[in-house]
Amino acid sequence: MPKRLAYSLPDEVLEHVFSFIQSDKDRNVVSAVCKSWYEIERWCRRKIFVGNCYAVSPKMVIRRFPQVRSIELKGKPHFADFNLVPDGWGGYVLPWITEMAGAYPWLDEIRLKRMVVTDESLELIAKSFKDFKVLVLASCEGFSTDGLAALAASCKNLRELDLRESEVDDSSVHWLSHFPETYTSMVSLNISCLGSGEVSFSALERLVSRCPNLRSLKLNRAVPLDKTANILRLAPQLVEFGTCTYSAELRSDVFSNLAGAFSNCKELRSLSGFWDVVPDYLPAIYSVCSRLTSLNLSYATIQSPDLIMLVSHCPSLQRLLVLDYIEDSGLEALASNCKDLQELRVFPSDPFDAEPNASLTEQGLVAVSLGCPKLQSVLYFCRRMSNAALVTIAQNRPNLTRFRLCIIEPNTADYLTGEPFDVGFGAIVEHCKDLIRLSLSGLLTDCVFEYIGKYAKKLEMLSVAFAGDSDLGLHHVLSGCESLRKLEIRDCPFGDKALLTNAAKLETMRSLWMSSCSVSFEACKLLSQKMPRLNVEVIDERGPPDSRPENCTVDKLYIYRSVAGPRFDMPPFVWTKDEDLALRLSP
Amino acid sequence: MEGCVATELRLGLPGTDNVRNKKRPLQEADEECGANGKSHAQDETAPPAKAQIVGWPPIRSYRKKNIQAKKNDCEGPGIYIKVGMDGAPYLRKIDLKVYSGYPDLLQALENMFKFTIGKYSEREGYKGSDYAPTYEDKDGDWMLVGDDPWEMFITSCKRLRIMKGSEARGLGCG
C-alpha cells in the first residue's frame, strides 16, 4: 500500500477495520505494524487474555488497554489440579478486580481459572461494574454463597454465571433468592459444584420460569429427580442441561413425567450430571438422544450394557466423557455408532486400586481410533498399553490434536514386549503433525524425547511424569519443540544442565513446572540471574533450600516469563534468588 | 551425555553422586518386577499394596471427591437431626445415616417414642394410627415422611416431627 494511502485513512476507519480482528495473535501483529496502528489498536481492544496472572500487572494492562470490556485470567499452574501446589501459593484475583473497578467501569465479562476468589472480590464486582454480564469461575476457590448473593442482588444484566468445578463454601444464605423478581436475564447457569445445602429449589424454579433466554442449566446433585421434570417443563428451550440426582428405585409416575418433560426439549444438545443415576431411568432421555452432540457420563456409575444401550441411541455424538465402566465392548459400540465423535475422555472409576475393576484396555481406544474418523481429542486412563496399539492409533488418526494417555501405574512397560513406550509415542508425534497437546505415561527412556523434539513441531503443551533417563531428555524437548508454551514435569531425572543450556527457550514459553526432579537451588539462582525476565520460584515447604546440604535438589520449581518482575504476594515457602541474597547478606 | 558427567553442573559434597536413579521405582513393587522393566501385569504374584503417590494418577480433586463420596456413602459424618413428638417434654436427636431406609427409621422412632405408626401408602399416607411422621425440608415446608426416595429424603430432611391426632389424620388425605 502506498504510504500516502495509509496516512489518509482516518482513525475511525482503521478502528472499524480492526473490529473484525478478534484473535489476540492477530491483534498483537496489527499493533506492531507502526506507532499509529499501535495507538489506534490499543484504544479499541476490548478483550484481554492473560494466561498467567503474574506475567503482567493489572496496572500495565490498564495503561496499555484503557477500554477493555472482557478479561480472562489464569492463576495457578495446571498441576495445582492434582494437589501439587500448596495452599496459599497465590493466584489472587482481588488486586486485579480492585484496579479494574476504577479503570474499567464498563467491564462486563470476567473469566477466571484456578484463581483464589474471595467474597470481597465478588462483592467488588457486584458494586463496580454496572453492566456486568458474564462470570466464569473455573476451578476457583476462596468464596462462599455470600459472594454469590451479592452478585445476584446487584447484577441486573447478568447473563452467565458458571462456577464449573469450583469450591464454594456454604454460608447458609439462600443466595438464589437474592435475584430480584424483576431479574430475567439468565442465559447460562452452572451450579453443578454446589453442595446440597446451597440451592433452594423453589427459588431455582421461580428463576427458571422467569428467564425465557435460559439456554444452559447445570444443576447440582442435590436437586431431586421429580423436580427435574418440573424444571424441564419450565425451560423446554434448553440447549444444555446438567441433571441432578437420580433416585433409588424406579417409580413409573416419576419416570413417565420425566420422559415427557425431556421429549418437549427439542433444542437439547448436551447432557451432563447423572450422579447416582439408576439405569432404569435412562430410557427417559431416549427421545433427545438422537440430537445429542455432547454427553458427560463421567460421574455415572452405570455398567457397560446400559452404557452401550445409551450410546447406540446417540448417532450424532461429538463429545463423550465416561468412566471405564464402558469397557472395551462399549467403546467398540461407540466406534460403530458414533461416526461424528471428535472428543473422548475415559476416566478411571477406581484409580487407587491395584487391580482393574473394569475390562478396559488399549483395545477400546484402538477401536475408537479406527471407527471414528473425526476423532481429534483423547484423554484415556487405562492399566495396560502396547507400542503396537499406539502405532495403530497414530496411523489411523493422524488428525489427532490432543492426546493424553495415563497408564495408571508409573513405569508400566508394553505388556506384550516388555519394552518402553518410546516407539509408540514416537509414532504419535510423527504421524499427528497437528498435535498441540500431549501427556505421556508408562515406561519411557530419553528416546521418546528425542522423537518429540524431532517431530512435535506444533506441540504447545507437554506433560511428563516418571520418565526419561537423563538431562538429555529435557534438552531434546526444550531445543526441538518450537511451539512449546507449557511444559510440566514430575518425578523425572532432569537437572541443571538441560535447564541452563536452554535458558533462553524458557522466555519463549508461558511456564515450566518441575517437581521431584534433579534441579539444584544453585542452578535456579544462576538461571534467575541470567534471565531477568523469568520468575524462578522454588516451592519448598521444608525450609530454605540452601540450608540442606545433604538434599540439594529443590522440591518444586515453577518458572514463568514475566514483565511485572517478582511478585509481592509470595508465601514463605516460595524461594527466589532475591530473598536468598537478602538472607546471605544479613548476619 | 555419558562423557559429560565430569562437567555436569551440580551441587553436592565432594565424592557424592547427585544423579538420580534412571527409573523412579515405586517402593517394593519394582524390586519384585526386577530391573528389566517387565510390566506388573506379567507377574504371577499380586502386586503389594502401595502407598499412594501425591497427585497420581492425575485426577482433579473435584473428581476424586466424587469417587470418595461414592465409596464413603456408608461412612463419613452422620446427618444428625432433631426429632420431636407432639406432647413429648423434650426433643431427641438421631443420625439418619445409620438407617437403611424408611422401615428402619420408622421402627426406631416407634421404639424411641413408644407409639405405633400406621401402614404407609402413597394414596392415603399413614393409615391405621393416630400418628404421622412428618419432616421439615430445605424449603421450610412440612412434608409427610415416605413420599420421597430415601437417599433424597436424608439430604433434604432438616428435622422430624411426629404429628398426632386430627392434624395427623388430616395429612392422610390427598
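## Arg567(A): a buried arginine

Arg567(A) counts as buried, because its relative accessibility is 7% and the cut-off for burial is under 20%. The model is predicted. Arg567(A) sits in a loop of chain A. Strand S22 (556-561) and strand S23 (574-575) flank that loop.

Two acidic side chains meet the arginine. The side chain of Glu537(A) makes a polar contact of 2.8 Å with that of Arg567(A). The side chain of Asp569(A) makes another polar contact with the Arg567(A) side chain, at 2.9 Å. Beyond neighbours within four places in sequence, Arg567(A) is in contact with Tyr54(A), Trp89(A), Gly90(A), Asn535(A), Glu537(A), Tyr560(A) and Val574(A). Glu537(A) thus appears both in that contact list and as a polar partner.

## Cysteines without disulfides

How many disulfides does a search of the whole structure find? The count is zero over all chains.

Two cysteines illustrate this. The cysteine sulfur closest to that of Cys314(A) belongs to Cys289(A), 3.7 Å away. That is too far for a bond, because a disulfide needs the sulfur atoms within 2.5 Å. Cys314(A) is buried, with 0% relative accessible area.

For Cys492(A), the closest cysteine sulfur is in Cys517(A). The separation is 5.3 Å, so this pair is also too far apart for a bond. Cys492(A) counts as buried at 0% relative accessibility.

## The annotated F-box

An unreviewed UniProt entry lists "domain: F-box" for residues 9-50 of chain A. In the model, residues 9-50 of chain A are 62% helix and 10% strand. The C-alpha atoms at the two ends of this segment lie 31 Å apart.

Technical notes
Residues numbered from 1 in each chain as written. Chains lettered and ligands numbered in written order. Predicted model: local features only at pLDDT ≥ 70, side-chain atom pairs only at ≥ 80, totals over all residues. Heavy atoms only, no water. Helix = DSSP H or I, 4+ residues; strand = E, 2+ residues; numbered from the N terminus. Buried < 20%, exposed > 50% of the residue type's maximum accessible area, 1.4 Å probe, protein only. Polar contact = N/O pair within 3.5 Å; in protein donor to acceptor, adjacent residues only side chain to side chain. Contact = heavy atoms within 4.5 Å. UniProt positions renumbered as here; feature names shortened; annotations may be inferred.
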